[in-house]
Amino acid sequence: MAGAIEVSPAGLFLENMLFALAVAGYLAATAGYLAYLFGKKSLGSYASRLLHLAFFLHSAFLAARTVNVRRVPFVGHFEFGNLFIWACVLVYLWTERRQKEKYYAVGAFLAPLVVLYIGYLTVVPKIFTKVTISRAHTLLPPVLQSNWLKVHVSASVLGYAGFTLAFAVALMWLLKARLQEKSAFARALPEFAVLEEYMYRASVFGFLFQTVMIITGAIWADTSWGRFWGWDPKEMWSLITWFVFAVYLHARFTRGWSGLRTVALVVAGWFAMLFTWVGVAWLLSGIHSFG
Amino acid sequence: MARDFKRRQEAGGSLRRVLRFLSSMQLGIGLLLLLAAISIFASLQEQEKAVADIYRSFWFIGIMAFAALNLLLCSLRRVKPLARLALQPQKVQTVEAIKKMPFYRAVKLTPADGGGGGAEKASAALRALGYHVSVAESPEGKKIFGEKGRSGYFGSFLTHFGLLVILLGALVGSLTGFEYTGGGIAGDSFQVPGGNFTVRIDGVRMVQEPDPTVRPRVYSDVVVTRGGSQVAAGTVAINEPLRFQGNTIYHKTFRYVSEIVIKNPATGEETTKQVSEQDLLAVGSEGSYIHFLKFFPNFSMTEQGMPYSINWLPEKPVLAGILYNSAGQGERPVLLQLDKPQVIAVAAGEIELTLKDFQDAVVYTVTRNLGRPLLLAGALVLVFGLYLCFAVSPRRLYAACERDGDVIHLGGSSYRGRIGLEEDLARVAKELAQQEVEA
């Protein structure tokens, strides 16, 4: 393989072990949050601690990967996916710390999404042979040897993380609305107003970074390829995601939309984001084949 | 006369309705959703087809222009009320007005704070929270006004303005710009028709990566001249373009240019030709030709007999192609190794081909984009506007102390988001309160 890096067996073992431990941690945290959601209220703080631990292990995995690939692990589906998952957890834990009232129920919706993303990176390629997510350690081709890569990808993972958190809250809203107030389960979820505020803030966070991602990508494209915008499917789907969240923010702020209509927009935005990451890679072709 | 006036009034009313529609948020949201839907459809097509048939079609550009017009009118319509809201706040409010505000609290003051001390404490508490505070005396008593995050009012306007500048930059770029592809080996020159200048390649250097299986970096020294005088000079590499006078020379890719000696063994006649990948080379006089497909710097064969390059080091260079007869039928593969003559039989007799040399050639994309400064400035304004929009929350807090009373009324409003204001109100109340009165 072009640019393959020879990694020491010890380095490889450490990297794989940390990844496996992080995955196990995320699974355990998911179980804890779900138990909290289903009535074991005392498990909320334990689930949070488990998620902190898994996040720490995942950070250690990324550090090991950085050492093994001799660069920041920003390239390829596997590295980007891991960074994105890490950012999702980072953003969630940050909100969990900032909130005076601990909405551990949000974790019960975010943690399964994190596990789902990990499943996509690890299990899906084993089932669908067409989905090849390489874990190989490779050097960067010259076109990617740019500082813009770091800014562009960092903004991208933070934007995606914000949208994922907004989607997790949107799912809570939908479930709460579906179950109605008579259900004890629904009453355990935060109030609709709290959920909508949470969803809005996560969307704003995602939107800001999505904007930075698109702009830095355009500037980098101008430096590398001689044009700001090439109508590449990845570019277009990033813009579509941006459009959907722009509509959501405008509708909420200026038209006073709330409730199901805004939730539907956030869900649509998340699907657009997911397609930008997954769908474009496997269903459409373009110049973003490296990520 | 009266009919004329009525007609004019109706016409004015219609124009206002049209303007209101064109500047409406509903239209903006509809256009954004429409653009998203078209982009989804277009992204499912072949990219070149989508660019030609959709993104560059008059109707798609028309929708974009319509969206830009909506954005412009929407921003213009809102700028005056926004400026009034931001710059001309009503600093004095009655107790009754404060009580009707979205956020309201009444705090009972201690005897020590009554009769003016409460106002001072409230002012100090607001200042501690970063508010700009003004105090006014009124017949009712002291009126305190605190404000912070005023710049946040302009966030959405700046965001929209940034987007418009970006669109303007794109328009300027597309109207005044050009794109040209050219290149060559060291010593070559090429004319850029749209730019009316010539690019001369003075040198080409290939720098291998530490791992030679990674595509190497190619640096080329270029000199740009117009009318015989030098306009610009510099080194071009990937991610390192040369910019001058609104023009940019980008390294697009590199290729190898091979020098081939064609010899007729019967007559001893020799000619030298330069060929690149995908070039056709006529051999003999009856129409046979070689289609050169690929240059392998370090040639090898897989077990299945497929040619490949081990890495980018030029250790075993081979130029590979296929010999076609005059009827256009492929006859046999041709693999030319450096300095190793190869005799090929064609209808006209035998031809000897030798790969004598090869050089690194550079392919450039030369563009002019006079909209670039606008695009970059627009992007900066957009990001700054978004920051003001979402990170700066304009808040106004009012406090009114009743003359000789022991209650201070606190009320406030925020432009967007309630959490910050509620917290501020609670903090001020906490500072003042020994005992909070039921709101």
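## Close-up views of a two-chain model

**View 1. B:Asp339 is found in the loop of chain B that runs between strands β17 (330–337) and β18 (342–346).** As with every view here, what you see belongs to a predicted model. The backbone of B:Asp339 has a phi near 60 degrees, a positive value in a residue other than glycine. Most residues other than glycine have a negative phi. With a relative accessible area of 45%, B:Asp339 is partly exposed.

**View 2. B:Asn196 sits in the loop between β5 and β6 (197–207) of chain B.** Here, too, the backbone deserves a look: phi of B:Asn196 is positive, about 55 degrees, although this residue is not a glycine.

**View 3. The loop between β4 (178–184) and β5 (189–192) of chain B holds B:Gly187.** Is B:Gly187 buried or exposed? B:Gly187 has a relative accessible area of 56%, so it counts as exposed. You can also find B:Val204 in this view: it is 17 residues away from B:Gly187 along the chain, and the two C-alpha atoms are separated by 9.3 Å.

**View 4. B:Cys74 and B:Cys389 are shown together, in a structure with 0 disulfides over all chains.** For B:Cys74, which is in no disulfide, the nearest cysteine sulfur is that of B:Cys389, 12 Å away. Likewise, B:Cys389 is in no disulfide, and its nearest cysteine sulfur is that of B:Cys74. A disulfide needs the two sulfur atoms within 2.5 Å, so a separation of 12 Å does not qualify. B:Cys74 is buried, at 7% relative accessibility, and B:Cys389 is buried as well, with a relative accessible area of 9%.

**View 5. Helix α3 (residues 76–98) and helix α10 (residues 260–283) of chain A come within 13 Å of each other, axis to axis.** Their axes cross at roughly 170 degrees, so α3(A) and α10(A) are roughly antiparallel. From α3(A), look for A:His77, A:Phe80, A:Gly81 and A:Phe84; they meet A:Met273, A:Trp277, A:Ala281 and A:Trp282 of α10(A). The residues of this contact divide into 6 nonpolar, 2 polar and no charged.

**View 6. Chain A meets chain B through 48 residues of chain A and 47 residues of chain B.** How much area is buried between chain A and chain B? The figure is about 4000 Å², and carbon and sulfur atoms give 70% of it. On the chain A side, A:Pro142, A:Trp231 and A:Phe253 are good places to start: they supply 16% of the area that chain A buries against chain B, more than any other three residues.

Notes:
Residues are numbered from 1 along each chain as its sequence is written. Chains are lettered from A and ligands numbered from 1 in the order in which they are written. This is a predicted model: local features need pLDDT of at least 70, side-chain atom pairs count only at pLDDT 80 or more; totals for chains, interfaces and linings use all residues. Side-chain values use heavy atoms; hydrogens and water are left out. Buried means under 20% relative accessible area, exposed over 50%, partly exposed in between (1.4 Å probe, protein chains only). Axes are lines fitted to C-alpha atoms, for helices over the stretch in contact, and angles run from 0 to 180 degrees between N-to-C directions. Helices (H or I, at least four residues) and strands (E, at least two) are DSSP runs, numbered from the N terminus. Angles under 35 degrees count as roughly parallel, over 145 as roughly antiparallel, 65 to 115 as roughly perpendicular and the rest as oblique. Contact means heavy atoms within 4.5 Å. Ala, Val, Leu, Ile, Met, Phe, Trp, Tyr, Cys and Pro count as nonpolar, Asp, Glu, Lys and Arg as charged, and the others, Gly among them, as polar. Buried area is the accessible area (1.4 Å probe) that two parts lose on being put together, summed over both.
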